[in-house]
Amino acid sequence: MDLEERYDKLYRYCYMKTRHPQAAEDITQETFLRFLGTRDVGDMERHIAYLYTIARNLCVDFYRARQDLSLDQVPPPAQDPEEAHTLRIALEQVLERLPEEDRELIFLRYTNQLPVGKVAEILGLSRFAVYRREKQILKRLRSQLDGRDFDA
């Protein structure tokens, strides 16, 4: 994976954590600066968990320094065909109800497509724990989406 792809994935991770495009961009840049201050670009694939740990800590610092953003500061989602758009809204509602740790696990596995081993490293869990939690989360999401239980 090249540096540009890694940057994009890390930006999406930071955006998921902060919900603020400028903050996510700043944190992503700062993450790479800190990483490259201690490691070589060639080490990036080997030390991907370290890269995400830096980003997670910077996101935590962002929230410590600032209150949560209001919804009107978040850009609207891109327009999709009506059915896909409705499903996307439903999925976002269900994901928002997940605990932060579960949302982070799903994001790392499915949005950033990290292997279970890397997710386990980033979250400080065993591979087995990641597999088990992922299965439980997906089962809950399917149940809620099938039942259209979005406002509960």
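A residue counts as partly exposed when its relative accessible area lies between the buried limit of under 20% and the exposed limit of over 50%. Keep that in mind for the close-ups below, which all come from a predicted model.

**View 1. Arg19, in the loop between H1 and helix H2 (21-38).** With a relative accessibility of 30%, Arg19 falls between the two limits and is therefore partly exposed. Its backbone deserves a look as well: Arg19 is not a glycine, yet its phi is positive, at about 60°.

**View 2. The whole chain, for orientation.** Before we zoom in further, here is the setting. The chain holds seven helices and zero strands, so its elements read α-α-α-α-α-α-α from the N terminus on. It has 152 residues, of which 38% count as buried. About 9500 Å² of the chain is exposed, and carbon and sulfur atoms supply 52% of that area. Among contacts with a separation of 6 or more, 61% link residues 24 or more positions apart.

**View 3. Helix H5 (residues 100-111) against helix H7 (residues 127-146).** A pair of packed helices is described by the angle and the distance between their axes. Here the axes come within 10 Å and cross at roughly 100°, and H5 and H7 are therefore roughly perpendicular to each other. On the H5 side, the contact is made by Glu101, Asp102, Leu105, Ile106, Arg109 and Tyr110. H7 answers with Val130, Arg133, Glu134, Ile137, Leu138 and Arg140.

**View 4. Asn112 and Gln113, in the loop between H5 and helix H6 (116-123).** Is Asn112 buried or exposed? Its relative accessible area is 0%, so Asn112 is buried. Setting aside neighbours within four places in sequence, Asn112 is in contact with Lys9, Leu10, Arg12, Tyr13, Tyr52 and Phe107. One of these, Arg12, is 100 residues away along the chain, while the C-alpha atoms of Arg12 and Asn112 are separated by 7.8 Å. Gln113, by contrast, is exposed, with a relative accessible area of 58%. Gln113 also has a positive phi, about 50°, although it is not a glycine.

**View 5. A nonpolar patch on the surface, formed by Leu3, Leu36 and Val41.** Together these residues offer about 230 Å² of accessible area. Leu3 belongs to helix H1 (residues 3-18). Its relative accessible area is 40%, so Leu3 is partly exposed; that value also satisfies the requirement of over 30% for a patch member.

Terms used
Residues numbered from 1 in each chain as written. Predicted model: local features only at pLDDT ≥ 70, side-chain atom pairs only at ≥ 80, totals over all residues. Heavy atoms only, no water. Patch = residues over 30% accessible without salt bridge, like charges linked within 9 Å, V, L, I, M, F, W, Y side chains within 5 Å. Areas by Shrake-Rupley, 256 points an atom, 1.4 Å probe, with all protein chains shown as cover. Salt bridge = Lys/Arg side-chain N within 4 Å of Asp/Glu carboxyl O. Helix = DSSP H or I, 4+ residues; strand = E, 2+ residues; numbered from the N terminus. Buried < 20%, exposed > 50% of the residue type's maximum accessible area, 1.4 Å probe, protein only. Axes fitted to C-alpha atoms, helices over the stretch in contact; angles between N-to-C directions. Parallel < 35°, antiparallel > 145°, perpendicular 65-115°, else oblique. Contact = heavy atoms within 4.5 Å.
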